[in-house]
Amino acid sequence: MKKLQETASVLEHEPVARQTFRLRLHSPGIARSATAGQFAMIQVREGVDPLLRRPLSFHRLFPGEGCIEFLYRVVGRGTWWLSRVRPGETVDLLGPLGNGFDVQDSAAYPVALIAGGIGIAPLFQLVSRLLVTPLERERPEIHLFYGARTASELLPDHFLQSLGISSHVSTDDGTGGFHGRVTDMFQRAVGKETGEPRRVFACGPLAMQFHVARWVLARGIESQLSLEALMACGVGACLGCALPAVSHHGRSAERYVHVCKDGPIFRAEAIQWTKVQAHPAPPPSFLYS
Ligand SMILES: Cc1cc2nc3c(=O)[nH]c(=O)nc-3n(C[C@H](O)[C@H](O)[C@H](O)COP(=O)(O)OP(=O)(O)OC[C@H]3O[C@@H](n4cnc5c(N)ncnc54)[C@H](O)[C@@H]3O)c2cc1C
Ligand code: FES
């Protein structure tokens with residue numbers, strides 16, 4: 001698919017949860033060609049500091065209106081600069097990048113979506129894709145499992161209600177919904193509140209994906225996991241976003257996939273989870289104040 005570099009005008013930009021923003025842009029070329037699960041590299045500030053673009057997944061796509069939306073969390077300098085952009089200003093985008101979710105045949109299966117924190121962002125567009133069917137009876141049964149560290153980091157209820165699917169919410173500290181990790185909530189619910197899914201889509205930190213991968217692999221359930229890596233270029237040039245992959249040529253041969261060009265969506269079977277290291281802890285909280 002052709003990548004575009006587009007100067008997008010900012011239409012709306014609003015805080016929606018603690019340090020979390022929704023950004024709506026007019027970017028007609030990218031809006032027309034992007035699909036759920038793909039991402040764009042966004043230039044967060046003119047000039048050389050920060051020099052590198054930052055990857056953000058498409059939260060919602062409106063090809064008819066030529067608009068795209070991102071949902072992002074401020075974690076460091078790049079996203080902090082981005083949070084200061086105002087309606088009427090412009091940002092430079094490179095995209096769409098990556099492979100996107102494969103939703104073929106999903107109507108036939110009960111589907112589980114698992115989101116950790118801001119990993120909820122691309123699942124909105126995925127739900128829209130999954131529900132694109134004129135007949136109610138052809139729609140898949142979809143359950144969303146969404147967890148955050150604390151209630152102030154959860155998206156407001158009306159965001160989840162707008163999805164029109166069943167949502168299960170957790171917080172690590174018990175301030176909202178189920179008290180515990182999203183993967184614990186998911187495992188408890190399956191078999192009691194919901195049936196066993198035949199397909200799992202997940203987006204969130206690598207530590208969460210590790211648990212999701214172990215669960216689906218143990219049961220032979222099909223999965224599509226949106227994985228994170230630090231990205232400098234986003235287009236396969238710097239090789240900085242490598243993750244250890246399962247080798248098809250014997251155990252000794254090391255093989256890597258690159259999240260930006262082979263992903264960011266991978267089946268759990270593709271990754272050597274025992275060799276994946278979680279990213280370092282977020283920066284100090286003074287950046288957020
Ligand atoms: C394909 C892809 C899609 C993404 N989509 C979204 C999205 O829709 N919304 C959103 O809020 N974030 C998303 N991210 C993460 C986002 O790109 C980073 O949070 C952002 O680049 C951080 O930039 P910064 O300058 O603010 O922070 P930095 O100062 O660069 O880093 C601050 C902290 O965040 C960590 N970090 C930086 N980049 C990443 C990363 N890529 N993955 C995990 N940890 C990282 C660093 O290790 C550091 O601890 C996505 C990442 C990828 C790879
Ligand atoms: S980010 Fe440069 S190769 Fe993936």
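Is Cys-238 buried, partly exposed or exposed? Cys-238 counts as partly exposed, at 39% relative accessibility. The close-ups below come from a predicted model.

**Figure 1. Overview of the protein chain.** The protein chain holds 7 helices and 16 strands. It has 289 residues, and 51% of them count as buried. About 13800 Å² is exposed, with carbon and sulfur atoms supplying 52% of that area. Take the contacts between residues at least 6 apart in sequence: 66% of these join residues at least 24 apart.

**Figure 2. Two cysteines, Cys-203 and Cys-238.** Cys-203 is buried, with a relative accessible area of 9%. Cys-238 is partly exposed at 39%. A disulfide would need a pair of cysteine sulfur atoms within 2.5 Å. By this rule the count is 0 disulfides. Cys-203 also appears in Figure 5, as a contact of Gly-119.

**Figure 3. Helices H5 and H6 pack side by side.** Two packed helices are described by the angle between their axes and the distance between the axes. Here H5 covers residues 182-189 and H6 covers residues 206-219. Their axes come within 9 Å and cross at roughly 25 degrees. Angles under 35 degrees count as roughly parallel, and H5 and H6 are therefore roughly parallel to each other. On the H5 side, the contact is made by Val-182, Thr-183, Phe-186 and Gln-187. On the H6 side, Met-208, His-211, Val-212 and Trp-215 take part. The residues of this contact divide into 5 nonpolar, 3 polar and no charged. An α-helix has 3.6 residues a turn, so residues three or four places apart point the same way.

**Figure 4. Ile-118 in the loop between S8 and H3.** Strand S8 spans 111-116 and helix H3 spans 121-130, with Ile-118 in the loop between them. Ile-118 counts as partly exposed, at 30% relative accessibility. Which residues does Ile-118 touch, not counting those up to four places away in sequence? They are Thr-20, Leu-71, Tyr-72 and Arg-73. Ala-148 is 30 residues from Ile-118 along the chain, and their C-alpha atoms are separated by 8.1 Å.

**Figure 5. Gly-119, in the loop between S8 and H3.** This glycine is found in the loop that links S8 and H3. Gly-119 counts as buried, at 5% relative accessibility. Leaving aside neighbours within four places in sequence, Gly-119 is in contact with Cys-203 and Gly-204. Ser-57 lies 62 residues away along the chain, with a C-alpha separation of 9.1 Å from Gly-119.

**Figure 6. Helix H3 within the structure.** How many of the 10 residues of H3 are buried? The count is 8, so H3 is largely enclosed by the rest of the structure. The buried residues begin with Ala-121, Pro-122, Leu-123 and Phe-124. Gln-125, Leu-126, Val-127 and Leu-130 complete the list.

**Figure 7. Ile-42 in strand S3.** Strand S3 runs over residues 39-43 and includes Ile-42. Is Ile-42 buried or exposed? Ile-42 counts as buried, at 0% relative accessibility. Leaving aside neighbours within four places in sequence, the contacts of Ile-42 include Leu-23, Leu-56, Phe-70, Leu-82, Val-91 and Leu-93. Arg-53, Arg-54 and Asp-92 are also in contact with Ile-42. Leu-94 is 52 residues from Ile-42 in sequence, yet 6.5 Å away in space, C-alpha to C-alpha.

**Figure 8. Two cis peptide bonds.** Most residues other than glycine have a negative phi, and most peptide bonds are trans. A cis peptide bond joins Gly-95 and Pro-96, with omega about -5 degrees. Pro-96 lies in strand S7, residues 90-97. Another cis peptide bond joins Gly-263 and Pro-264, where omega is about 15 degrees. Pro-264 sits in the loop between helix H7 (259-262) and strand S16 (265-266).

**Figure 9. Positive phi at Gln-19 and Leu-239.** Gln-19 is not a glycine, but has a positive phi of about 55 degrees. Gln-19 is found in the loop between strand S1 (4-17) and strand S2 (20-26). Leu-239 is not a glycine either, and has a positive phi of about 60 degrees. The place of Leu-239 is the loop between strand S13 (222-226) and strand S14 (242-244). Leu-239 is exposed, with a relative accessible area of 52%.

Methods:
Residues numbered from 1 in each chain as written. Chains lettered and ligands numbered in written order. Predicted model: local features only at pLDDT ≥ 70, side-chain atom pairs only at ≥ 80, totals over all residues. Heavy atoms only, no water. Axes fitted to C-alpha atoms, helices over the stretch in contact; angles between N-to-C directions. Helix = DSSP H or I, 4+ residues; strand = E, 2+ residues; numbered from the N terminus. Parallel < 35°, antiparallel > 145°, perpendicular 65-115°, else oblique. Contact = heavy atoms within 4.5 Å. Nonpolar A, V, L, I, M, F, W, Y, C, P; charged D, E, K, R; others polar. Buried < 20%, exposed > 50% of the residue type's maximum accessible area, 1.4 Å probe, protein only. Areas by Shrake-Rupley, 256 points an atom, 1.4 Å probe, with all protein chains shown as cover.
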